[in-house]
Amino acid sequence: MAQSSQLAISVTDLTKIYGERAALSHATFSVPLGTVCGFVGPNGSGKTTTIRMLLGLISPTGGTGTVLGEKIAHPEKYLPRVGAMIEGPAFYPALSGRENLRVLASLGGFDQAIVDPLLERVGLGDRGGSKYKTYSLGMKQRLGIAAALLPNPKLLVLDEPTNGLDPNGIHEVRSLIKDLAATGTSVFVSSHLLSELEMIAEHLVMLREGKVIYNGRTEDLLSAQQSVLIAKPEYAVDLNKLVDIVKKNDHAVSVVDGAAHILSPADWGATLNRLAFEAGITLSSLTSVLPTLEATFFEMTGESE
Amino acid sequence: MMNVIWAEMRKLRRPSLLLSTMAIVTLLTTLFTFLTFWRVGDPHGNGRRGETVTAAFLSTSHGLVYGFGIVSFLLGIVALCIFASQTAQEYTYGTLRNLLLRQPARMKILGGKYISMLLFALLMVIFSLISSIAVAYLLAPHAHVTTTAWRTSAGMSALATALGNVLLSVSSFGTVGMILGLLFRSPISAIATGVIWFLILENILAGLVTSTAKWLPGQNITNLTTNQNFTFSYQHSLIMDAIYLIVSATIVSFLFKARDVSN
């Protein structure tokens, strides 16, 4: 376990109970400083509740936590170094994007001169003067990210930052997060776009029904999963014969797009190749793939694809 | 605290809010002062609650600010709407969480917001006073009102007193608006409750059971500017006003500080 000074976030037994329902139950996890940490879980698993407690917006029913080494009971000690966008952007519709950022800059005591460069950075340089209510969903999201960057944060907390963004926007957010991480900013990001998280998150916290079911390196999680061999015979008529060979060797197999998907260690590929050859089957391709984060997520959370 | 005040002023100074509010204030004040002077001495009434105000009265040191005093209740209702909407909109827009991220000390948010809205109310009252004085001077010759007494020290004193009382009354209505905004967390609910209570329910209640007027908040706030209710004094209204506002403000401040921000 890393020391708290090396952690961006650390929570122990964090719990939030609404009435008789536990939105979060005894959550214990930590996020190392300077990493991009993905925060995943099905809807209603407690992600936003956790983020709200980390930001001092709601009080925990139980448990403790620290953010940037300061106790979450005293958000005033760490929030000046934290940028956040939670549950989508929220701004004043009648004010322009620029004026909305200026309100927040005034409030935080930041230099007003940082507002325009931030608008440029998120691609709103030419629309900063337009009223927020005229913005598209993607533009609102960009403004939310700009607001989160106002304090030049040491920790950036983003809740679904790519909602409403087009593929280009998603790519830009991914690049932005990577750039920030490269300069030492810790990023705690929740997203349903698991393929995106897989590309950027070195660390992962996974929730299910208010409980932490994984907290650790993304790489460790994925490498712990059983690989899948994808074998495709040269002739489609050999597919059933190939499936029979796999089943006789006690491996689970399914047929997807004319190929056999076999749950087995990667090194069984050589055996399969030899068995197929002995049965007179020529394989046109044989590859071993690790399950994606998405597949792992569905398996671990019990959600169906 | 200053950061919060500056941030709030940025929101309040937006043209659509600032100009429309000042236009409404000017229009109301001009209308009421105009009617008082234009229909001077009209036996059907040209003053508050249908009373007849004569040229002789308007020529006294209190004449200059009579129109200003009449409109104070409506200024109060305008203030109630603005304070309520500016407070409750933070919940409906979800912007409160942004504010608390940048200023986690909730009482500073509340205090800064209140002070900035009081400054806005001060601007409203000054606009109203200037409009009323301008219309009074313009129509004084038509109404055969002499303005000499207006410029005496007694006139200046009446003006200062009226300004102070109207400001107190408008701020009180505004404070009620802010309290309702914090309580209901919805501009429409807060404004509707405030307006229906002060404009309709209180008047019905005070009309049906006269003795209740002494204890009703709206009646007491209004009495600060009119000092017309002979069943209870200005001092009584001042004390009642203070008690109502301090108790309710303490309760909602506690709620604001302790309540989870979950929208």
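The following exchange concerns a predicted model and treats its chains A and B in turn.

Colleague: In what order do the 6 strands of the open sheet in chain A stand?

Modeller: The pairing in this open sheet of chain A is mixed. The twist from one strand to the next averages 10 degrees. Its 6 strands follow the order β6-β7-β8-β3-β9-β10.

Colleague: Which strands of chain A stand at the edges, and why is one side of each left without a neighbour in the sheet?

Modeller: A strand at the edge of this sheet has a single partner strand, so one of its sides has no neighbour there. In chain A this applies to β6 (82–85) and β10 (211–217).

Colleague: Which residue of β8(A) is the bridge partner of A:F39?

Modeller: Strand β3 (residues 36–40) and strand β8 (residues 186–190), both of chain A, run parallel and are joined by 4 bridges. Within β8(A), the partner of A:F39 is A:S190.

Colleague: Which residue in the turn between β9(A) and β10(A) has a positive phi?

Modeller: Strand β9 (residues 203–208) of chain A pairs with β10(A) in the antiparallel sense, over 6 bridges. Along this pairing, A:M206 stands opposite A:Y214 of β10(A). The two strands form a hairpin with 2 residues between them, and the turn residue with a positive phi, of about 50 degrees, is A:E209.

Colleague: At about what angle to β8(A) does helix α5 of chain A run?

Modeller: Two helices can be placed against the sheet. Helix α4(A) lies across β6 and β7 (155–159) of chain A and runs at about 165 degrees to β6(A). Helix α5 (residues 167–182) of chain A lies across β3, β7 and β8 of that chain, and its angle to β8(A) is about 150 degrees.

Colleague: Which helix gives the most to the largest nonpolar core?

Modeller: This core has 82 residues, and those with the most contacts inside it are A:C37, A:A146, A:V157 and A:F188. Beyond four places away in sequence, A:A146 touches A:L101, A:L118, A:L119, A:R121, A:V122 and A:L124. The greatest contribution to the core, 7 residues, comes from helix α4 (residues 137–149) of chain A.

Colleague: How many residues has the other core, which lies apart from the largest one?

Modeller: Its members include B:A121, B:L129, B:L167 and B:A190. The number of residues in this other core is 52.

Colleague: What is the radius of gyration of chain B?

Modeller: Chain B has 10 helices and 0 strands. Its C-alpha atoms fill a box of roughly 60 × 40 × 30 Å along the principal axes. The globule rule gives 18 Å for 263 residues, and the value for chain B is close to this, so the chain is as compact as a globular protein of that length; its radius of gyration is 20 Å.

Colleague: Against which helices of chain B do the buried residues of α9(B) pack?

Modeller: Of the 263 residues of chain B, 43% count as buried. Helix α9 (residues 217–226) of chain B is mostly covered, with 9 of its 10 residues buried, among them B:I221 and B:L224. These buried residues pack against α4 (66–92), α7 (153–184), α8 (187–208) and α10 (234–258).

Colleague: Which elements give two or more residues to the side of chain B that touches chain A?

Modeller: The contact takes 25 residues from chain A and 23 residues from chain B. On the side of chain B, 10 are nonpolar, 7 polar and 6 charged. The elements of chain B that give two or more residues to this side are α1 (2–12) and α5 (96–102).

Terms used:
Residues are numbered from 1 along each chain as its sequence is written. Chains are lettered from A and ligands numbered from 1 in the order in which they are written. This is a predicted model: local features need pLDDT of at least 70, side-chain atom pairs count only at pLDDT 80 or more; totals for chains, interfaces and linings use all residues. A residue is buried if 20 or more other C-beta atoms lie within 10 Å of its own, exposed if 12 or fewer, and partly exposed in between; C-beta atoms are placed from the backbone. Two residues are in contact if their C-beta atoms, placed from the backbone, lie within 7 Å. Ala, Val, Leu, Ile, Met, Phe, Trp, Tyr, Cys and Pro count as nonpolar, Asp, Glu, Lys and Arg as charged, and the others, Gly among them, as polar. A nonpolar core is a set of buried Ala, Val, Leu, Ile, Met, Phe, Trp, Tyr and Cys residues joined through C-beta atoms within 7 Å. Two strands pair if DSSP finds at least two bridges between them. Axes are lines fitted to C-alpha atoms, for helices over the stretch in contact, and angles run from 0 to 180 degrees between N-to-C directions. The radius of gyration is taken over C-alpha atoms; the globule rule is 2.2 Å times the number of residues to the power 0.38.
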